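Subject: Structure handover

Hello,

Please find the structure below, together with its sequence. My notes come after it.

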Amino acid sequence: MQKPQDLVPVVPQSDLVPALEDRHIEILVQVCGEALKSNVDEVASNLVNEVDRDFVHMWPGEHYRLLAGFAARLNPQLAIEIGTWQGAAAAILSRTCKRVVTFDVVAIDGIPGSIPELLERYPNVSQVVANLLDDEIWRENSTVFSSADLVFVDGPKDGVFESVVVPRILGVMKPGSVMVLDDIRFAGMQDLWKNQISFPRIDLGSFGHFSGTGVVFR
Ligand SMILES: C[S@@+](CC[C@H](N)C(=O)[O-])C[C@H]1O[C@@H](n2cnc3c(N)ncnc32)[C@H](O)[C@@H]1O
């Protein structure tokens, strides 16, 4: 039986409507240029385990340098992440984003192998420990999403959370902002990616995470 995190075939770009415009592709080309110039050594060196340091350097294949490219190209006043885990992506975003807010259901200190003292090392990063699937928590936090220039969604991919939370977030994001949506080649993400998003988008997985890196232009 298929599980939400099984890899499934890539959705053909021609099935995704509305289509991307040239101005979106121009941004993506610039993002890749910035990713190529990026140096993530400092963040990687702060991770505890060598295997995690290697993941941060792996590009293409993993998303860390691509995120560095988005942050460098967009220079966000506010970037939001869902799914802090060990803090590597938040740390990378923090270098060229004025402020980073990262949501997780587990506090950073409770994640094995996390960057020690992430919030002290990168003082423009703050963590919110909350589950946005909860209606009341969403209402309390929706305003911050309407101010974000970049939203990186990298949560549980359990077949439920993203289908509810991603449309909510896209509904309040401002025009011109960008969402990066991890793991869209997972079975539990495919219907969301193909049918539940009504903004121009592309799977940049071959230049990001092998399991699919969706980019949505709001
Ligand atoms: C794949 S990891 C995130 C990796 C991280 N963004 C990175 O790039 O290094 C997924 C994270 O989602 C978190 N998570 C699980 N359920 C969540 C929820 N409902 N809301 C927010 N985060 C959640 C997990 O605790 C875990 O830390």
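The notes cover the core, one helix and a few backbone features.

This is a predicted model, in which local features need pLDDT of at least 70 and side-chain atom pairs count only at pLDDT 80 or more, while totals for chains, interfaces and linings use all residues. Residue numbers start from 1 along each chain, following the sequence as written.

Core and helix 4

The largest nonpolar core contains 60 residues. A nonpolar core here is a set of buried Ala, Val, Leu, Ile, Met, Phe, Trp, Tyr and Cys residues joined through C-beta atoms within 7 Å. Buried means 20 or more other C-beta atoms within 10 Å of the residue's own, exposed means 12 or fewer, and partly exposed lies in between, with C-beta atoms placed from the backbone. Leu67, Ala71, Ile92, Leu150 and Val151 have the most contacts inside this core. Helix 4 (residues 64–74) supplies its largest share, seven residues. Helices (H or I, at least four residues) and strands (E, at least two) are DSSP runs numbered from the N terminus.

Of the 11 residues of helix 4, 10 are buried, so the helix is largely enclosed by the rest of the structure. The buried residues include Tyr64, Arg65, Arg73 and Leu74. Leaving out residues up to four places away in sequence, alanine 71 touches Pro76, Ala79, Ile92, Leu93, Arg95, Thr96, Cys97 and Leu150. Contact means C-beta atoms, placed from the backbone, within 7 Å.

Backbone features

Most residues other than glycine have a negative phi, and most peptide bonds are trans. The following residues are worth a look against that background.

Asparagine 75 follows helix 4, in the loop that leads to strand 1 (78–82). Its phi is positive, about 45 degrees, although asparagine 75 is not a glycine. The residue is partly exposed, with 13 other C-beta atoms within 10 Å.

Glutamate 117, also not a glycine, has a positive phi of about 50 degrees. Glutamate 117 sits in the loop between strand 2 (99–104) and helix 6 (118–121), and is exposed, with 12 other C-beta atoms within 10 Å.

Two cis peptide bonds complete the notes. Valine 17 and proline 18 are joined by a cis bond with omega about 0 degrees; proline 18 belongs to the segment before helix 1 (22–37). The bond from tryptophan 59 to proline 60 is cis, with omega near -5 degrees, and proline 60 is in the loop between helix 3 (50–57) and helix 4.

Regards

Notes. Contact = placed C-beta atoms within 7 Å.
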